[in-house]
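Please explain how this protein chain is put together, starting with its helices and ending with single residues. Keep the explanation plain enough for a first-year student.

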Amino acid sequence: MTLQTAGQTLQRLTRFYKAGFHTPLVDNALHKILNHQIARDEADLGHVEARLAEFEKRYAMSSGDFWDKYQAGQIPDEADYVEWNAFCKMRQRLQQRLNILRGEDSP
């Protein structure tokens with residue numbers, strides 16, 4: 001299924017729900033899809049957090065402090081720091097995705 005087709009499918013499903021057609025089968029399937037993706041993203045986040053903890057221990061600095069300093073240009077673009085920055089971005093994206101999947105995002 002292409003992205004456009006998936007988007008169209010979601011639009012049709014939204015119209016289906018707005019028209020009052022709710023079925024236990026569809027509800028159950030949607031909950032399973034969301035729960036499956038949440039579990040995958042939580043596992044991925046756990047791996048990313050473990051890698052961030054390694055950098056924090058190695059450089060005796062929190063990832064938050066590192067992020068601020070790196071973004072301000074106070075830390076050089078050396079391989080370890082570039083990788084640490086990438087893991088910080090991964091964590092941020094995973095947290096955003098989880099917020100959306102859990103309904104915690106703001107519209």
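The paragraphs below go from helix packing to the nonpolar core, then to salt bridges and a few single residues.

The model is predicted. A good place to begin is the pair formed by helix α2, which covers residues 24-59, and helix α4, which covers residues 79-101. Their axes lie 9 Å apart and make an angle of about 150 degrees. An angle over 145 degrees counts as roughly antiparallel, and α2 and α4 are therefore roughly antiparallel to each other. The crossing of α2 and α4 is left-handed. Sorted by class, the residues in the contact of α2 with α4 are 15 nonpolar, two polar and eleven charged.

Helix α4 also packs against α3, with the two axes 10 Å apart and at an angle of about 115 degrees. The range from 65 to 115 degrees counts as roughly perpendicular, so α3 is roughly perpendicular to α4. The crossing of α3 with α4 is left-handed.

The next topic is the nonpolar core. The largest nonpolar core holds 15 residues. Within this core, the residues with the most contacts are Leu-52, Phe-66, Ile-75, Tyr-81 and Trp-84. Helices α2, α3 (63-71) and α4 each supply at least two residues of the core. Helix α4 gives the most, with six residues.

Charged side chains come next. How many salt bridges are there? The count is six, taking a salt bridge as a side-chain nitrogen of Lys or Arg within 4 Å of a carboxyl oxygen of Asp or Glu.

One of them joins Arg-102 and Glu-42, whose closest N and O atoms are 2.4 Å apart. This pair links distant parts of the chain, since Arg-102 is in the segment after α4 and Glu-42 is in helix α2, 60 residues apart. Arg-102 has a relative accessible area of 37% and is partly exposed. Glu-42 is also partly exposed, at 39% relative accessibility.

A further salt bridge is formed by Glu-49 and Arg-91, with 3.6 Å between the closest N and O atoms. Here, too, distant parts of the chain are linked: Glu-49 is in helix α2, Arg-91 is in helix α4, and the two are 42 residues apart. Are these two residues buried, or are they partly exposed? Buried means under 20% relative accessible area, so Arg-91, at 18%, is buried. Glu-49 has a relative accessibility of 32% and counts as partly exposed.

The side chains of Glu-83 and Arg-51 also meet in a salt bridge, at 3.0 Å from N to O. Glu-83 lies in helix α4 and Arg-51 in helix α2, so this pair ties together parts that are 32 residues apart in sequence. The relative accessible area is 30% for Glu-83, which is partly exposed. For Arg-51 the relative accessible area is 27%, and this residue is partly exposed as well. The pair belongs to a network of salt bridges that links Arg-51, Glu-54 and Glu-83.

A few single residues complete the tour. Where is Ala-60? Ala-60 lies in the loop between α2 and α3. Its phi angle is near 50 degrees, which is a positive value in a residue other than glycine. Exposed means over 50% relative accessible area, so Ala-60, with 73%, is exposed.

Asp-80 is found in helix α4. At 26% relative accessibility, Asp-80 counts as partly exposed. Asp-80 and Phe-55 are 25 residues apart in sequence, and their C-alpha atoms are 8.3 Å apart in space.

Lys-89 is another residue of helix α4. Lys-89 has a relative accessible area of 35% and is partly exposed. From Lys-89 to Gly-103 is 14 residues along the chain, and their C-alpha atoms are separated by 21 Å.

To put the parts together, helix α4 packs with α2 in a roughly antiparallel arrangement and lies roughly perpendicular to α3. Helix α4 also gives the most residues to the largest nonpolar core. Salt bridges between α2 and α4 include Glu-49 with Arg-91 and Glu-83 with Arg-51.

Terms used
Residues are numbered from 1 along each chain as its sequence is written. This is a predicted model: local features need pLDDT of at least 70, side-chain atom pairs count only at pLDDT 80 or more; totals for chains, interfaces and linings use all residues. Side-chain values use heavy atoms; hydrogens and water are left out. Axes are lines fitted to C-alpha atoms, for helices over the stretch in contact, and angles run from 0 to 180 degrees between N-to-C directions. Helices (H or I, at least four residues) and strands (E, at least two) are DSSP runs, numbered from the N terminus. Angles under 35 degrees count as roughly parallel, over 145 as roughly antiparallel, 65 to 115 as roughly perpendicular and the rest as oblique. A crossing is left-handed if the near helix is turned anticlockwise from the far one by less than a right angle, and right-handed if clockwise. Ala, Val, Leu, Ile, Met, Phe, Trp, Tyr, Cys and Pro count as nonpolar, Asp, Glu, Lys and Arg as charged, and the others, Gly among them, as polar. Buried means under 20% relative accessible area, exposed over 50%, partly exposed in between (1.4 Å probe, protein chains only). A nonpolar core is a set of buried Ala, Val, Leu, Ile, Met, Phe, Trp, Tyr and Cys residues joined through side-chain atoms within 4.5 Å.
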